[in-house]
Amino acid sequence: MLRSCAARLRTLGALRGPPGGRRLPGREPRPALRSFSSEEVILKDYSVPNPSWNKDLRLLFDQFMKKCEDGSWKRLPSYKRIPAEKIQDFKTHLLDPKLVKEEQMSQTQLFTRSFDDGLGFEYVMFYSDVEKRMVCLFQGGPYLEGPPGFVHGGAIATIIDSTVGMCALMAGGVVVTANLNINYKRPIPLCSVVMINSQLDKVEGRKFFVSCNVQSVDEQTLYSEATSIFIKLNPAKSLT
Amino acid sequence: MIRRGFQVAARLGHHRRLLGAPRILPRLNPASAFGSSTDSMFSRFLPEKTELKDDALPNASWCLDMLCLYQEFLEKTKSSGWIKLPSFKSNGDHIGLNPPSGLAVSSDKGDCRIFTRCIQVEGQGFEYVIFFQPSKKKSVCLFQPGPYLEGPPGFTHSGSLAAMMDETFSKTAFLAGEGVFTLSFNIRFKNLIPMSSLVVMDIEVGKIEDQKLYMSCITHSRDQQTVYTNSSGVFLQLQLEEESPQ
């Protein structure tokens, strides 16, 4: 159990913008080593098809977009950086705001969006509030390599962590990862598409139990399974 | 998609016949880091002469804590049988070996990169170096997460931490016993890691049995006052094959 002095939070899912985001024209500049309008970086929604998406990913995307038509599912937009008001929200939950260095925050990027198109994580998440399910469609690019030709176990852990984290966050608001447990069944070939199906299993007090499996597009191959526990925090309160 | 999938049972059976049971790996002479000249795994992994760029060397982005600890461990490579592992852009550069035929995927993807060297801009992604002690089957990873590894605002993405752990487990498992694929991974998170601070990972190989390597890891601050995570990992041993002419 956590008894830390700095609360650990997951605010990745707190990025709720209008569906589709507000697109700005032109390509955005790459590394944030010079200052530019942070708005340009924040507003581009990455959870939409781009030329690097292969056929499987596009097909699945279309299938899930159809499910969104009646409102039972919704697509989550995904940005490179968290908007300023959400950072404030995070800080009210943090016990030691001094740990967050202001000048660094303007240079940071969400890890899973720190790659050019097609090279790293290409993914989109869909959520069903009724079923408490978060589905992530994921295509792992060549910069995620582990054993030659396969996706790195750590990259798989990253996308699983992002997916179950979002699922817990949708259900519980500001939550902290306490535990992540992954079983790898088969290696995932680079540049193939997989579906991460996560489910909120139960809630016990402030504990949220989320499990997921990682499957092939046709659901015939199981690549990995994972379970996780998240803890909901009270604003600016210690865990003990 | 590989139809054959990953038939562990069949593969293990095949290897048991090849390797005999129990599997005895070449023992390393603790007095010398490389052991006998027949220890081809080490010499292949740690080439004495190479033109490949070693990313596990200090650069301007390394914080003071990281530089200090790096120096400490460098001293240990001279006196206490530790080895500094080089880090190349792709796993293929390290090993030059393939997974067993039947598993290997033809990689026409062009420029592949090992995940933990995906961001090559100095200081922005994973800055790390791994030291390994063959006699005790222990390793230490000095890790400094850069601003492109953000999760919660101002803190490191837990996925990037998991990735660094898996990578260190992976290199340790390979050198300690030809561990190749992650079978399972369990992480208990204790504290958030501020961006660009030093994280020290202590990894130990526990038992090796049934073609599996069991490892544990504690990640903590330099002064050991703050524990960030406790984790464990299990890797599958696989005999790799010589690279066939392409």
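Q: What is the mean pLDDT of chain A in this predicted model?
A: The model is a predicted one, and confidence in chain A varies along its length: 70% of its residues reach a pLDDT of 70 or more, whereas over residues 4-36 of chain A the value is below 50. That stretch nevertheless has 98 contacts in the model beyond near neighbours in sequence. For chain A as a whole, the mean pLDDT is 79.

Q: In chain A, what share of the contacts with a separation of 6 or more is accounted for by residues 24 or more positions apart?
A: Chain A has 5 helices and 7 strands, which run α-α-β-α-α-β-β-α-β-β-β-β from the N terminus on. Buried residues make up 58% of its 240 residues. Among contacts in chain A with a separation of 6 or more, the share from residues 24 or more positions apart is 70%.

Q: Is Ser87(B) buried or exposed?
A: Ser87(B) lies in the loop between strand E1 (83-85) and helix H4 (91-95) of chain B, and its side chain makes a polar contact of 3.5 Å with the side chain of Tyr128(B). Val129(B) is 42 residues from Ser87(B) in sequence, yet their C-alpha atoms are 7.7 Å apart in space. Because its relative accessible area is 5%, under the 20% cut-off, Ser87(B) counts as buried.

Q: Which residues of chain B does the UniProt annotation "domain: Thioesterase" cover?
A: Over the annotated stretch, chain B is 27% helix and 42% strand, with the end C-alpha atoms 17 Å apart. The annotation comes from an unreviewed UniProt entry, and the range it gives in chain B is residues 154-226.

Q: Which residue of strand E8 of chain B is the bridge partner of Phe189(B)?
A: Strand E5 (residues 179-189) of chain B pairs with E8(B) in the antiparallel sense over 9 bridges. In this pairing of E5(B) with E8(B), the partner of Phe189(B) is Thr229(B).

Q: Which residue takes a positive phi in the hairpin of E7(B) and E8(B)?
A: Strand E7 (residues 212-220) of chain B and E8(B) pair in the antiparallel sense over 9 bridges, with Leu213(B) standing opposite Phe235(B) in E8(B). The hairpin has 6 residues between the strands, and the residue with a positive phi, near 65°, is Gln224(B).

Q: Why is strand E8 of chain B described as largely enclosed by the rest of the structure?
A: E8(B) pairs with E5(B) and also with E7(B). The description rests on burial, because the number of buried residues among the 11 of strand E8 (residues 227-237) of chain B is 8.

How values were computed. Residues are numbered from 1 along each chain as its sequence is written. Chains are lettered from A and ligands numbered from 1 in the order in which they are written. This is a predicted model: local features need pLDDT of at least 70, side-chain atom pairs count only at pLDDT 80 or more; totals for chains, interfaces and linings use all residues. Side-chain values use heavy atoms; hydrogens and water are left out. UniProt positions are given in the numbering used here, feature names are shortened, and annotations may be inferred rather than shown by experiment. Helices (H or I, at least four residues) and strands (E, at least two) are DSSP runs, numbered from the N terminus. pLDDT is the predictor's confidence in each residue, from 0 to 100. Contact means heavy atoms within 4.5 Å. Buried means under 20% relative accessible area, exposed over 50%, partly exposed in between (1.4 Å probe, protein chains only). Two strands pair if DSSP finds at least two bridges between them. A polar contact is a pair of N or O atoms within 3.5 Å; within protein, one must be able to donate a hydrogen and the other to accept it, and residues adjacent in sequence count only if both atoms are side-chain atoms.
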